[in-house]
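Colleague: I would like to go through this model with you, piece by piece. Please keep the answers short.

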Amino acid sequence: MDARRVDAVFDALGDPSRRTLVREIAARGDATATELAAGLPVTRQAVAKQLVALADAGLLRATRSGRETRYAVTPEPLGDAVGWMVEVGARWDDRLAKLGRSLRGRASR
Amino acid sequence: MEVEREVVFPASPEEVWEALTEPERLEEWFANDVELDPREGGEGTFRWDDGEERHATVREAVPPHRIVLDWDDEGTTAIELEEVEDGTRVHVVETAPGFATALELHAMAAWTPVA
């Protein structure tokens, strides 16, 4: 797994407004900054900046459409990020179960 | 972003702290072979039977409350202990590898125009 790409995905999704944009675009199939800003209490410029960051993290695919850029969600990086969380989470579940056994073993001694 | 886990063990914070910081105790649950100096700035080497070896530096150590390890290869592990009615609540936070690098990449990305 490309750790740097996973970081970029986490960073991009760490911001609630960016998560909202990803959800909105996923719901619509694709969208432009202007379309997304119309339904949000933010400027088109602010939305456009967030979209660039999301596209850079590989979460969105940008396609030029006349004067505007249309964005669609790319699911693959989410798979990497979710994969990291599942893998690391499972490792901790295993470790904490063992730690619990170790502590109980002491208590009964 | 990070992975978080929280568990309550029927033991005192001092007992849990020993299990988190004494090498022979860490060998019961964390790795197969452990060397650790659990003080701020101390070094740790963790080896597993499958050949994996990881090295860390202790960023914070406040017995019996909080220990933070910075891994040389990737990320940070922070463990906090809190005394509760049934024993000790253990809160683990593992931060995504190379997070700072990602933030730098993003700072640069903000200046890159859309192609």
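Colleague: How many bridges join strand 1 of chain A to strand 3 of chain A?

Modeller: This is a predicted model, where local features need pLDDT of at least 70 and side-chain atom pairs count only at pLDDT 80 or more, while totals for chains, interfaces and linings use all residues. Residues are numbered from 1 along each chain as its sequence is written, and chains are lettered from A and ligands numbered from 1 in the order in which they are written. Strands (E, at least two residues) and helices (H or I, at least four) are DSSP runs numbered from the N terminus, and two strands pair if DSSP finds at least two bridges between them. Strand 1 of chain A and strand 3 (residues 68-73) of chain A run antiparallel, and the bridges that join them number three.

Colleague: Which residue is the bridge partner of A:Asp30 in strand 3 of chain A?

Modeller: One pair of residues here is A:Thr32 opposite A:Arg70 in strand 3 of chain A. For A:Asp30, the bridge partner in strand 3 of chain A is A:Ala72.

Colleague: Which strands of chain A stand at the edges of the sheet?

Modeller: The sheet is open, with three antiparallel strands in the order 1-3-2. Its twist averages 30 degrees from one strand to the next (axes are lines fitted to C-alpha atoms, for helices over the stretch in contact; angles run from 0 to 180 degrees between N-to-C directions). Each edge strand has a single partner strand, so one side of each is left without a neighbour in the sheet: these are strand 1 (30-32) and strand 2 (60-65) of chain A.

Colleague: In the hairpin of strand 2 and strand 3 of chain A, which residue takes a positive phi?

Modeller: Strand 2 and strand 3 of chain A pair in the antiparallel sense over six bridges. A:Arg64 has A:Thr69 as its bridge partner in strand 3 of chain A. The hairpin has two residues between the strands, and the positive phi, near 65 degrees, belongs to A:Gly66.

Colleague: At what angle do the axes of helix 2 and helix 4 of chain A cross?

Modeller: The contact (C-beta atoms, placed from the backbone, within 7 Å) includes A:Leu21 of helix 2 and A:Leu51 of helix 4 of chain A. Helix 2 of chain A is roughly perpendicular to helix 4 of chain A (65 to 115 degrees; under 35 is roughly parallel, over 145 roughly antiparallel, the rest oblique). The axes of helix 2 (residues 16-28) and helix 4 (residues 44-56) of chain A come within 10 Å and cross at roughly 80 degrees.

Colleague: Where is confidence lowest in chain A?

Modeller: The mean pLDDT of chain A (the predictor's confidence in each residue, from 0 to 100) is 86, and 95% of its residues reach 70 or more. Confidence is highest in helix 3 (residues 33-38) of chain A, at 94. It is lowest, at a mean of 75, in helix 1 (residues 3-13) of chain A.

Colleague: What is the strand order of the seven-stranded sheet in chain B?

Modeller: The edge strands are strand 1 (2-9) and strand 2 (33-36) of chain B, each pairing on one side only. Strand 1 and strand 7 (residues 87-95) of chain B pair in the antiparallel sense over eight bridges. The sheet is open, with antiparallel pairing, and its order is 1-7-6-5-4-3-2.

Colleague: Which two residues does the cis peptide bond join?

Modeller: B:Pro64 is in the loop between strand 4 (53-62) and strand 5 of chain B. These two strands form a hairpin with three residues between them, and six bridges join them. The cis bond has an omega of about -10 degrees and joins B:Pro63 and B:Pro64.

Colleague: Which residue in the turn between strand 5 and strand 6 of chain B has a positive phi?

Modeller: Strand 5 and strand 6 of chain B pair in the antiparallel sense over five bridges. B:Asp70 has B:Thr76 as its bridge partner in strand 6 of chain B. The hairpin has four residues between the strands, and the positive phi of about 70 degrees is that of B:Gly75.

Colleague: How far apart are the axes of helix 5 of chain A and helix 1 of chain B?

Modeller: A:Leu99 and A:Leu103 are among the residues of helix 5 of chain A that meet helix 1 of chain B, where B:Val16 is one of the partners. The two helices are oblique to each other. They pack at an angle of about 125 degrees, and their axes are apart by 11 Å.

How values were computed
Two residues are in contact if their C-beta atoms, placed from the backbone, lie within 7 Å.
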